[in-house]
Amino acid sequence: MSVLATTALYSLIIVIGALLGAVAVVWNERATHMVRFLAFAAGVMLGAAFFHMLPEAYAGGGWWAFALMPAGFVFLLVLERYLVAHAGEDLPGDHMSGHGRSAQQAGQVLGLTAFLGLSTHTLFDGIALGSAVEEGVGLMALLAIVAHKVPSALSLASILKSEGRSRGGILLLSALYGAMVPAGALLYFVFDAMLHFESLAPKALSFSAGTFLYIAVSDLLPHVHRHGKDQPGRNVLALFVGLALMFLLARWVGHPGHPGH
């Protein structure tokens with residue numbers, strides 16, 4: 001398939017995954033605990049960055065492309081910590097400590113904040129997906145994005161549900177959240193067409209790898225540490241399973257022009 005068709009298909013899969021995560025919360029009355037899944041997702045994201053995205057970025061763009069990885073990390077750090085309050089990693093119940101009208105108002109503010117923060121992350125996931133597909137490692141980016149988009153959608157839907165929003169409202173916001181992936185991919189292709197830089201894809205891939213690393217080490221793993229203290233061994237195992245999966249895929253699948261064997 002063409003790059004655009006492949007990106008569209010992968011984007012659709014991610015949007016469906018986000019909606020399924022929201023549906024699991026909307027039609028489930030019990031709190032959803034996903035610490036182990038988040039540990040696995042962190043491993044997948046770290047593996048995607050180290051074993052797939054960075055090697056391909058370096059092969060296509062040389063040292064300068066590789067050097068943009070910390071720029072992506074720092075950019076998302078500044079964006080999240082100083083410009084967009086990010087509450088998406090909170091489990092249901094973590095944020096609702098008050099009672100009555102003030103607690104409800106706080107929850108409504110938190111729900112909007114979580115939606116905006118997570119959607120910002122998702123927009124950059126779309127940019128990562130577009131550059132990864134163009135560089136031939138789109139499947140690896142798809143696995144990494146799905147692995148953390150589903151639990152993020154679960155978390156977002158849980159926060160929105162705690163506000164008392166309707167099922168339709170939760171699903172609508174979850175769909176908009178997932179739609180940031182094709183929006184980010186489209187944004188990447190528009191800039192790629194306008195700038196006409198042959199080396200844009202490797203550089204964007206390296207930058208996106210930095211955002212993957214940030215999400216894994218700043219959002220997912222701290223959440224696992226806070227909420228997974230009862231079974232740390234299993235969470236560490238889930239992390240290494242995610243890393244091992246991406247390593248084995250790198251060895252078996254390889255990269256275009258850089259076979260794994």
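## Worked exercises: a buried ion pair, a core and some rings

Asp125 is buried, at a relative accessible area of 0% (buried is under 20%, exposed over 50%, partly exposed in between, with a 1.4 Å probe and protein chains only). We're working on a predicted model, where local features need pLDDT of at least 70, side-chain atom pairs count only at pLDDT 80 or more, and totals for chains, interfaces and linings use all residues. Residues are numbered from 1 along each chain as its sequence is written, and side-chain values use heavy atoms, leaving out hydrogens and water.

**Exercise 1.** Find the residue that forms a salt bridge with Asp125, and place both in the chain.

- Step 1: apply the cut-off, a side-chain nitrogen of Lys or Arg within 4 Å of a carboxyl oxygen of Asp or Glu. The count comes to one salt bridge.
- Step 2: the partner is Lys149, with the closest N and O atoms 3.0 Å apart.
- Step 3: Asp125 sits in helix 4 (residues 100-135) and Lys149 in helix 5 (residues 138-162), 24 residues apart (helices are DSSP runs of H or I, at least four residues, numbered from the N terminus).
- Step 4: check burial. Lys149 is buried too, at 2% relative accessible area.

**Exercise 2.** Work out which helix gives the largest share of the largest nonpolar core.

- Step 1: a nonpolar core is a set of buried Ala, Val, Leu, Ile, Met, Phe, Trp, Tyr and Cys residues joined through side-chain atoms within 4.5 Å. This one has 52 residues, and Met45, Leu129, Tyr188, Phe212 and Leu220 touch the most other members.
- Step 2: helix 2 wins, with 13 residues.
- Step 3: zoom in on Phe212. Skipping neighbours within four places in sequence, its contacts (heavy atoms within 4.5 Å) include Met45, Ala48 and our friend Asp125.

**Exercise 3.** Classify the ring pairs Phe51 with Phe247 and Phe73 with Tyr214.

- Step 1: rings of Phe, Tyr and Trp (its six-membered ring) pair if their centres lie within 6.5 Å; planes under 30 degrees apart are stacked, over 60 edge-to-face, the rest tilted. The whole structure has five aromatic pairs.
- Step 2: Phe51 and Phe247 come out at 5.4 Å and 75 degrees, edge-to-face. They link helix 2 with helix 8, 196 residues apart. Phe51 is partly exposed at 28%, and Phe247 is partly exposed at 40%.
- Step 3: Phe73 and Tyr214 have centres 5.3 Å apart and planes at 80 degrees, so this pair is edge-to-face. Phe73 is in helix 3 and Tyr214 in helix 7, so the pair ties together parts 141 residues apart in sequence.
- Step 4: Phe73 is partly exposed at 26%, whereas Tyr214 is buried at 1%.

How values were computed:
Helices (H or I, at least four residues) and strands (E, at least two) are DSSP runs, numbered from the N terminus.
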